[in-house]
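This report describes selected features of a single model, moving from helix packing to the sheets and then to the loops. The sequence and coordinates are shown first.

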Amino acid sequence: MLDLAIIGGGPAGLSAGLYATRGGLKNVVMFEKGMPGGQITSSSEIENYPGVAQVMDGISFMAPWNEQCMRFGLKHEMVSVEQILQNDDKTFTIKLEGGKTETAKAVIVCTGSAPKRAGFKGEDEFFGKGVSTCATCDGFFYKNKEVAVLGGGDTALEESLYLANICSKVYLIHRRDEFRAAPSTVEKVKKNEKIELITSASIDEVYGDKMGVSGVKVKLKDGSIRDLKVPGIFTFVGLNVRNEILKQDNGQFLCSMEEGGQVSVDLKMQTSVSGLFAAGDLRKDAPKQVICAAGDGAIAALSAMAYIESLH
């Protein structure tokens, strides 16, 4: 029987593991099917984490987290979790891929979120063949070529700046006139000669052939279509939370959820089910920032420790 199962290995999961093991819990396992680090590892630039003055890419930034969080005995199981169930004795069963199971006294779920699809024609057809949601993963393939970026938030603008260092030109397409990003980022984008803003516009279609994308048709404010002959488009239009593992066999969720699919929690990251905690992007009103996810993980671990202590 595990003291604590942590599902997800991003900033929330790693922080939870650090606090739980350093706090004295002996049998703590973090289930993360890939390498720990989370979605932030695909970011090209992090400059707003307090105490880290150097601007870093996501992989370099997360590398020391792993080492530090494993130092006190956190175990990492590289396996996919399929479902969490609560047993009659209030413990939890963690169903893993391949039919294996684990039992735990308490669970912290921090499965994070995944990039949303934008929903334009050709998006699914050319996903991975010119349509991407990760500039650091795929930007290199467009060296000295023109690309398009869709979105108006921090991620879209930051990744446009990153791509402008690699590509000959970046067309930044946004459905509104104003951007939702930090003013300093907006200023940098507007000053960058390689970035052309196409605002009050939407993507009508992405087209191409067997080789991949060859162009993007953009619908402008006046209804006209502008045809951009680009081999790639990067979409940053928000995130969907990963809540599938909380779904039960009857179609209901294990705990109370918000309308958008986020988990309802209190200030201690406690869900409506005793012993089950949620942290990071998955929980309601998450700001979707690394520092907030890390704080959530620490709070959830402290709460889980208090809960486990109360069982004795």
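## Packing of helices H1 and H6

In this predicted model, helix H1 packs against helix H6 (residues 290-311) at an angle of about 40°, and the two axes lie 7 Å apart. The crossing of H1 past H6 is right-handed. On the H1 side, the contact is formed by Pro11, Ala12, Ser15, Ala16, Tyr19 and Ala20; H6 contributes Val290, Ala293, Ala294, Gly297, Ala298, Ala301, Leu302 and Met305. Sorted by class, the contact of H1 with H6 comprises twelve nonpolar and two polar residues, with no charged residues.

## Two buried residues of H1

Ser15 belongs to helix H1 and is one of the residues through which H1 meets H6. With residues up to four places away in sequence set aside, Ser15 touches Trp65, Cys69, Ala294, Gly297 and Ala298. Is Ser15 buried or exposed? Its relative accessibility is 8%, under the 20% limit, so Ser15 counts as buried.

Leu18 also lies in H1, which spans residues 11-22. The relative accessibility of Leu18 is 14%, and Leu18 therefore counts as buried. Its contacts, again leaving out residues up to four places away in sequence, are Gln68, Cys69 and Phe72. Between Leu18 and Asn66, a sequence separation of 48 residues corresponds to a C-alpha to C-alpha distance of 9.5 Å.

## The parallel five-strand sheet

Five strands form an open sheet in the order E8-E15-E9-E10-E11, and their pairing is parallel. Strand E8 (131-132) and E11 are the edge strands, each pairing on one side only. Helix H4 packs on this sheet, where it touches E9, E10, E11 and E15; the direction of H4 makes about 165° with that of E10.

Strand E9 (residues 146-150) is joined in parallel to strand E15 (residues 233-235) by three bridges and to E10 by five bridges, also in a parallel arrangement. Ala148 has a partner in each of these neighbours: Ile233 stands opposite it in E15, and Tyr171 stands opposite it in E10.

## Strand E10 and its crossovers

Which strand is largely enclosed by the rest of the structure? Strand E10 (residues 169-173) is, because four of its five residues are buried. Four bridges connect E10 with strand E11 (residues 195-198), and these two strands run parallel. Tyr171, which faces Ala148 of E9, has Glu196 as its bridge partner in E11.

The connections on both sides of E10 in the chain pass through helices. E9, helix H4 (residues 154-164) and E10 constitute a right-handed β-α-β unit. From E10 the chain then crosses through helix H5 (residues 183-191) to E11, in a β-α-β crossover that is right-handed.

## The antiparallel three-strand sheet

A further open sheet contains three strands in the order E12-E13-E14, with antiparallel pairing. Its edge strands, each pairing on one side only, are strand E12 (202-209) and strand E14 (225-228). From one strand to the next, the twist averages 25°.

Strand E13 (residues 212-219) is linked to E12 by seven bridges, and the two run antiparallel. Within this pairing, Ile203 stands opposite Val218 in E13.

## Loop residues with positive phi

Ser200 is located in the loop between E11 and E12. It has a positive phi of about 50°, although it is not a glycine. The relative accessible area of Ser200 is 16%, so this residue is buried.

Lys288 is found in the loop between strand E17 (276-278) and H6. Its phi is also positive, at about 55°, and Lys288 likewise is not a glycine. Is Lys288 buried or partly exposed? Its relative accessibility of 33% lies between the 20% and 50% limits, and Lys288 therefore counts as partly exposed.

Note on methods:
Residues numbered from 1 in each chain as written. Predicted model: local features only at pLDDT ≥ 70, side-chain atom pairs only at ≥ 80, totals over all residues. Heavy atoms only, no water. Buried < 20%, exposed > 50% of the residue type's maximum accessible area, 1.4 Å probe, protein only. Contact = heavy atoms within 4.5 Å. Pairing = 2+ DSSP bridges. Axes fitted to C-alpha atoms, helices over the stretch in contact; angles between N-to-C directions. Right-handed = clockwise from strand over helix to strand, strands pointing away. Left-handed = near helix turned anticlockwise from the far one by under 90°. Nonpolar A, V, L, I, M, F, W, Y, C, P; charged D, E, K, R; others polar.
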